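Let's take an informal look at aromatic rings and what sits around them. Have the structure open while you read.

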Amino acid sequence: MFSTLRNKLLFLNLSITSGVIIAAFAFVYFIAYSNLQADIRQRLHTQPETQIQVGPDNPNQPSGQNGSPTTVRHRFADDISTFHVEVDEDGRIVRIESAVNLPESAYQQLVEIAWKNQDENEMIKLEDREWRYSVAPIRVQVVGEDGIPQAVNDQNYSLIFLDVTEMNSTLNQLLMTLLFVGFSTLIVILGVSFYFANRAIKPIQGAWEKQKQFVADASHELKTPLSIIHANCDALVASQEDTIQNQMKWIDYIRAGTDRMGKLVQDLLILAKTDDERITLHKEHFNLSEVVDTVSQSMEAAIASKRLSLTRSIEPDLIVSGDPDGVSQVVGILLDNAIKYASPGGWIRLSLTRSGRRIEFSITNNGRGIAKEDLPKVFDRFFRADRSRTYKDGSYGLGLSIAQSIIKQHASVIKVRSVENQATTFSFSLAK
């Protein structure tokens with residue numbers, strides 16, 4: 001299940017990342033391609049300019065046969081990647097101006113293809129070179145006797161050829177670079193995503209495992225009292241003719257089982273309530289000194305039954321902000337825990353003091369202590385450091401979990417310190 005969830009996270013992350021990378025690289029390639037095409041169009045449409053001057057008063061007037069005008073042409077600057085060909089209306093070459101070193105047959109072949117197709121977007125490949133071209137009629141500016149210039153079409157056509165081999169090569173290199181970088185980036189992102197997906201799954205997997213363990217432990221804890229109730233019900237059924245007085249033993253066993261189940265259900269409800277983040281903690285200012293004093297006095301009988309000595313160091317009138325009922329329950333849980341695990345005839349020390357802007361509570365008992373490997377698990381639900389106390393004291397291993405949840409609601413933590421065969425201390429602090 002978690003592998004499927006991880007793979008879905010990976011697929012989602014890679015899909016989004018791939019889409020973003022493809023869109024970004026496609027935009028970069030489109031911009032480069034558009035700029036290159038614009039540059040090609042600009043260079044192909046740089047037309048040669050022809051000027052004819054007519055007028056008897058002009059001493060520099062050229063003349064041709066039968067008084068026809070003579071043309072004086074001013075061409076654009078030569079370009080090592082561009083050449084110009086002038087052809088007549090039948091496509092025959094009239095003039096070639098070129099800085100490109102090509103044989104005459106190549107010029108003739110290029111002109112024939114260009115004149116036949118006359119498609120500016122078509123590319124001609126010849127002798128390992130790639131050419132783009134444009135075909136346009138030559139525009140002639142005629143300056144008449146009145147001195148007003150007028151543009152007219154000549155009978156000849158201008159063909160401009162541009163060598164785009166290097167341009168296309170650069171564009172192809174850019175495409176290959178983008179593909180390589182994109183693929184490499186996706187490989188890196190795959191590794192990083194796999195790492196973080198596993199990290200993201202771990203808390204979910206841990207919570208799932210805890211939930212499964214919680215359900216299994218709760219089912220196990222409920223199974224025992226249910227078995228007791230079922231067995232004693234069978235005993236009652238087997239002795240139907242006997243009086244209730246004679247069967248009170250079985251009835252007491254049933255009552256004990258239901259009491260155990262009721263306490264477990266109550267503890268589970270408390271845990272569910274403290275875990276629900278939608279429930280807002282009702283805070284008020286109350287006297288923590290009185291709460292601790294009241295709780296400790298209520299347990300004097302249990303302390304005396306184990307012949308324990310209780311030392312209390314409670315500063316008076318310490319006011320804190322929080323839930324008095326919840327904090328009272330925490331103090332009771334910790335004191336009850338100290339009584340259960342203190343050595344018979346041992347001691348318990350309870351302290352409530354002011355520490356800066358906070359109030360510190362701590363309780364220490366002697367006894368077997370908690371093993372070092374068990375310390376991180378003492379607040380886990382249904383965990384018991386002393387497995388021999390499974391059912392003797394009626395504990396389900398939920399008390400410390402409830403205490404931790406309540407203190408967590410007060411934006412604090414319960415700390416535990418223990419030395420085996422010496423003493424164990426639980427402590428927490430609350431804001432004033």
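Is Trp250 buried, partly exposed or exposed? In this predicted model, Trp250 has 26% relative accessibility, so Trp250 counts as partly exposed. The cut-off for buried is under 20%.

Trp250 has company. Its ring pairs edge-to-face with Tyr253, at 6.2 Å centre to centre and with 65 degrees between the planes. Both residues belong to helix H4 (residues 248–275), and they sit three residues apart, about one turn of the helix. Tyr253 comes out at 41% relative accessibility, so Tyr253 is partly exposed as well. Then there's a charge to note: Lys249 lies over the face of Trp250, 4.3 Å from the ring centre.

Another charge over a ring turns up at Trp347, with Arg349 over its face. Here are these two cases together:

| Charged residue | Ring | Distance to ring centre |
|---|---|---|
| Lys249 | Trp250 | 4.3 Å |
| Arg349 | Trp347 | 4.0 Å |

Now for the wider picture: the structure has ten aromatic pairs. One of them is Trp115 with Tyr157, edge-to-face at 5.2 Å centre to centre, with 70 degrees between the planes. Trp115 is in helix H2 (residues 104–117) and Tyr157 in strand S7 (residues 149–163), so this contact ties together parts 42 residues apart in sequence. Tyr157 is partly exposed, at 27% relative accessibility.

Finally, which residues gather into one aromatic cluster? That would be Phe83, Tyr107, Trp131, Tyr133 and Phe161.

Conventions. Residues are numbered from 1 along each chain as its sequence is written. This is a predicted model: local features need pLDDT of at least 70, side-chain atom pairs count only at pLDDT 80 or more; totals for chains, interfaces and linings use all residues. Side-chain values use heavy atoms; hydrogens and water are left out. Rings of Phe, Tyr and Trp (its six-membered ring) pair if their centres lie within 6.5 Å; planes under 30 degrees apart count as stacked, over 60 as edge-to-face and the rest as tilted. Helices (H or I, at least four residues) and strands (E, at least two) are DSSP runs, numbered from the N terminus. Buried means under 20% relative accessible area, exposed over 50%, partly exposed in between (1.4 Å probe, protein chains only). A charge sits over a ring if NZ of Lys or CZ of Arg is within 6 Å of the ring centre and within 35 degrees of the ring normal.
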